[in-house]
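Work through these exercises with the model open beside you. Try each task before you read its solution.

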Amino acid sequence: MPKAKLSFKERLFIETMLKANVSKKSICINLGISSVQLQMELRHGWISEEERYDPIKAQLSLVA
């Protein structure tokens, strides 16, 4: 069963893998999440002006 929420450590892993041009499929396999979950995560942490994923923004976007 897929995870509902990622830890900050997992978000840092996503950032590192994206910078290393690792495929999104490989990132999903390593984290045990679906491609839909990864896309949602990328939307939460995406900085349009810099065209990059920011794990801190993603973490803070989910704080209630």
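**Exercise 1. The core**

Task: Find which residues make up the largest nonpolar core, and which element gives the most to this core.

Solution. Bear in mind that this is a predicted model.
- Step 1. List the members. The largest nonpolar core has 11 residues: Leu6, Ile14, Met17, Ile27, Cys28, Leu31, Ile33, Leu38, Leu42, Tyr53 and Ala58.
- Step 2. Sort them by element. H1, H2 and H3 are the elements that give two or more residues to this core.
- Step 3. Pick the top contributor. H2 gives the most, with 3 residues.

**Exercise 2. The two sides of H2**

Task: Determine which residues of H2 are buried, and which exposed residues sit on the face turned away from them.

Solution.
- Step 1. Apply the cut-off: buried means under 20% relative accessible area, exposed over 50%.
- Step 2. Ile27, Cys28 and Leu31 are the buried residues of H2.
- Step 3. Check their directions. These residues lie on the same side of H2, because they cover an arc of only 100 degrees around the axis.
- Step 4. Turn to the opposite face. Lys25, Ile29 and Asn30 are exposed there.
- Step 5. Ask what covers the buried side. H1 and H3 are among the elements that do so.
- Step 6. Look just past the helix end. Gly32 follows H2 directly and has a positive phi of about 70 degrees.

**Exercise 3. The two sides of H3**

Task: Do the same for H3: which residues are buried, and what do they pack against?

Solution.
- Step 1. Helix H3 spans residues 35-45, and its buried residues are Gln37, Leu38, Glu41, Leu42 and Gly45.
- Step 2. Their arc around the axis is only 140 degrees, which puts them on the same side of H3.
- Step 3. The face turned away from that buried side carries Val36 and Arg43, both exposed.
- Step 4. Find the packing partners. The buried residues pack against three helices, H1 (8-19), H2 (24-31) and H4 (55-61), and against strands S1 (46-47) and S2 (52-53).

**Exercise 4. Helix pairs**

Task: Describe how H3 packs with H1 and with H2.

Solution. Two packed helices are described by the angle between their axes and the distance between the axes.
- Step 1. Take H1 and H3. Their axes come within 12 Å and cross at roughly 90 degrees.
- Step 2. Classify the angle. The range for roughly perpendicular is 65 to 115 degrees, and H1 and H3 are therefore roughly perpendicular to each other.
- Step 3. Name the contact residues. H1 supplies Arg11, Ile14 and Leu18, while H3 supplies Leu38, Glu41 and Leu42.
- Step 4. Sort this contact by class. It has 4 nonpolar, no polar and 2 charged residues.
- Step 5. Take H2 and H3. They pack at about 105 degrees, with axes 9 Å apart.
- Step 6. That angle makes H2 roughly perpendicular to H3.
- Step 7. Name the residues that meet. Lys24, Ile27 and Cys28 come from H2, and Ser35, Leu38, Gln39 and Leu42 from H3.
- Step 8. The contact of H2 with H3 has 4 nonpolar, 2 polar and 1 charged residues.

**Exercise 5. Two core residues**

Task: Place Met17 and Tyr53, then list their contacts beyond four places in sequence.

Solution.
- Step 1. Met17 is in helix H1. It has a relative accessible area of 19%, so Met17 is buried.
- Step 2. Leaving out neighbours within four places in sequence, Met17 contacts Val22 and Ile27.
- Step 3. Tyr53 belongs to strand S2. Its relative accessibility is 4%, so Tyr53 counts as buried.
- Step 4. Not counting residues up to four places away, Tyr53 touches Arg11, Ile14, Glu15, Leu18, Glu41, Leu42, Gly45, Trp46 and Ala58.
- Step 5. Compare sequence and space. Tyr53 and Cys28 are 25 residues apart in sequence, and their C-alpha atoms are 15 Å apart. Met17 and Ser7 are 10 residues apart along the chain, with 15 Å between their C-alpha atoms.

**Exercise 6. Positive phi without glycine**

Task: Locate Asn21 and Glu51, and decide whether each is buried or exposed.

Solution.
- Step 1. Asn21 is not a glycine, yet its phi is positive, about 60 degrees.
- Step 2. Asn21 sits in the loop between H1 and H2. Its relative accessibility is 71%, so Asn21 counts as exposed.
- Step 3. Glu51 is not a glycine either, and has a positive phi of about 50 degrees.
- Step 4. Glu51 is in the loop between S1 and S2. With a relative accessible area of 63%, Glu51 is exposed.

Note on methods: Residues are numbered from 1 along each chain as its sequence is written. This is a predicted model: local features need pLDDT of at least 70, side-chain atom pairs count only at pLDDT 80 or more; totals for chains, interfaces and linings use all residues. Side-chain values use heavy atoms; hydrogens and water are left out. Buried means under 20% relative accessible area, exposed over 50%, partly exposed in between (1.4 Å probe, protein chains only). Helices (H or I, at least four residues) and strands (E, at least two) are DSSP runs, numbered from the N terminus. The arc is that of the directions from the helix axis to the C-beta atoms. Contact means heavy atoms within 4.5 Å. A nonpolar core is a set of buried Ala, Val, Leu, Ile, Met, Phe, Trp, Tyr and Cys residues joined through side-chain atoms within 4.5 Å. Axes are lines fitted to C-alpha atoms, for helices over the stretch in contact, and angles run from 0 to 180 degrees between N-to-C directions. Angles under 35 degrees count as roughly parallel, over 145 as roughly antiparallel, 65 to 115 as roughly perpendicular and the rest as oblique. Ala, Val, Leu, Ile, Met, Phe, Trp, Tyr, Cys and Pro count as nonpolar, Asp, Glu, Lys and Arg as charged, and the others, Gly among them, as polar.
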